[in-house]
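Reader: Could you walk me through this one? I'd like to go part by part.

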Amino acid sequence: MKEIIPLTFNVKDLEEQARTDGLACYILGRSYDSGENGVDQDLEKAVYWYEEGARKNDPRAIYGLAACYDFGDGVEQDKKKAYELFVDAYPKLLNLMEEEQRNPERQAFSIFCLGAYYYFGFGDVIEDKTKAFELINDAAEKGHIAAIYDLGANFYYTGTGTNQDLEKSRYYLELAASYNLPRAKSKLLEYQDTYQKKRQIMIKAIIYQSKTGHTKEYAETLSKELKIPCYSVSDAKEKINKKEEIIYLSWIRATTLVGYKKINKKYQIICLGAVGAYPKSKEYIKQLKEYNHITQELFYFRGGINYEKLNKFYQKLLKLVGKAITMENPRDKEMTRLFENGGNFVNKKHLKPMIDYIKGVTNV
Ligand SMILES: Cc1cc2nc3c(=O)[nH]c(=O)nc-3n(C[C@H](O)[C@H](O)[C@H](O)COP(=O)(O)O)c2cc1C
């Protein structure tokens, strides 16, 4: 990670500079707005300094004032006025960002404001959390302390606009706290248990059960991505001790997640993958969870049907199931074809939500 030196200011110096500098007014506004740079939160003072900056036509201060009207902070909430101010500040903000190219420390503040436009969808800007993350991350790298705080308290903690990463969340909050930001200190206390829990999870293996190879393929790809060994259920008997923490992947047979009951008694399953022939849907995942009494996080990966690897009995059974599905939904051509000829829908992209989840709750 890039080394970051947070920017902090002396309020007395800022007051001096605020006579001529709109940015100093904005930073004073921010300081009273959010309790930064050693002052206590005082929303009325925040509005006073934003108004001072707005009189100097500083787009960051106009934005700050707009946000006060939008949330009703230090003024009576007025969404219409907020909208007008946001729209007024927006093009000026873009110009300023351009002008400040050679001065990253000043530019950090306009980038941060633009990030907030995308985060909340202020003015005519359409909400875009990914864009917001990119801008706030850029502002943080330039030393903007509230951006550093936001990366830790929000973006990386919740996985908003980026992948969840509790290590990074803690790193940014600790950095902000070490530069005397009180709200970073309280967030660290609030998140302490979650950080602690994450460190304690040690996934020993990915254990899978596969009849025709689709689940095995997902398990092997996952194993490479996460650098955790994978074993079939029979191999795991020798390699993995009881009660160890594992990920379990298996195939679906008549709505049953094969082997789940037994494996759940033997190991501590952190999360599960179910591989089936049906298309993925929220309703189907819910049905699988209820039917199998699953308590852990369940992910669904579409496998397929491979008739060559099934015995005559299963082949016949599946053809019958296929006929029933076709009778129920004659227009579902994809399913009709799948049950008639077989097919393969395995795609490593389907694993992403599970990988993100595991990275979020463990140290892998
Ligand atoms: C007897 C039998 C019943 C099945 N029942 C279901 C089912 O209820 N839901 C589903 O999505 N897929 C069902 N399938 C499809 C398998 O889950 C699918 O072929 C899966 O990709 C198999 O994984 P594998 O290749 O790892 O064995 C069934 C397959 C067989 C052979």
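Author: What follows goes through the domains, the ligand shell, one helix and two loops. This is a predicted model, where local features need pLDDT of at least 70, side-chain atom pairs count only at pLDDT 80 or more, and totals for chains, interfaces and linings use all residues. Residues are numbered from 1 along each chain as its sequence is written.

Reader: OK, which domains is the protein divided into?

Author: Domain 1 (11-198), domain 2 (203-306 + 346-361) and domain 3 (308-341); the bounds come from an automatic or database domain assignment.

Reader: And what does the contact take from domain 1 and from domain 2?

Author: Six residues from domain 1 and four residues from domain 2, where contact is C-beta atoms, placed from the backbone, within 7 Å. On the domain 1 side there are one nonpolar, three polar and two charged residues. Here Ala, Val, Leu, Ile, Met, Phe, Trp, Tyr, Cys and Pro count as nonpolar, Asp, Glu, Lys and Arg as charged, and the others, Gly among them, as polar.

Reader: Switching to the ligand: how many residues surround it?

Author: 22, and the closest are K211, T215, W251, G276 and G303. A residue is near the ligand if its C-beta atom, placed from the backbone, lies within 6 Å of it. By class, the shell has eleven nonpolar, nine polar and two charged residues. Domain 2 and domain 3 each give at least three residues to the shell.

Reader: T215 is in helix 11, right? Which residues of helix 11 are buried?

Author: H214, T215, Y218, A219 and L222. Buried means 20 or more other C-beta atoms within 10 Å of the residue's own, exposed means 12 or fewer, and partly exposed is in between, with C-beta atoms placed from the backbone. Down the helix axis those buried residues fall within an arc of 130°, so they line one face; the arc is that of the directions from the axis to the C-beta atoms.

Reader: What covers them?

Author: Several strands, including strand 1 (203-208), strand 3 (245-253) and strand 5 (268-276). Helices (H or I, at least four residues) and strands (E, at least two) are DSSP runs numbered from the N terminus.

Reader: Last thing, loops. Where is N57, and is N57 buried or exposed?

Author: N57 sits in the loop between helix 3 (43-55) and helix 4 (59-71), and N57 is exposed, with 12 other C-beta atoms within 10 Å. Its phi is positive, about 60°, although N57 is not a glycine.

Reader: What about the phi of N180?

Author: Positive, about 65°, and N180 is not a glycine either. N180 is partly exposed, in the loop between helix 9 (166-178) and helix 10 (182-200).

Key:
Contact = placed C-beta atoms within 7 Å.
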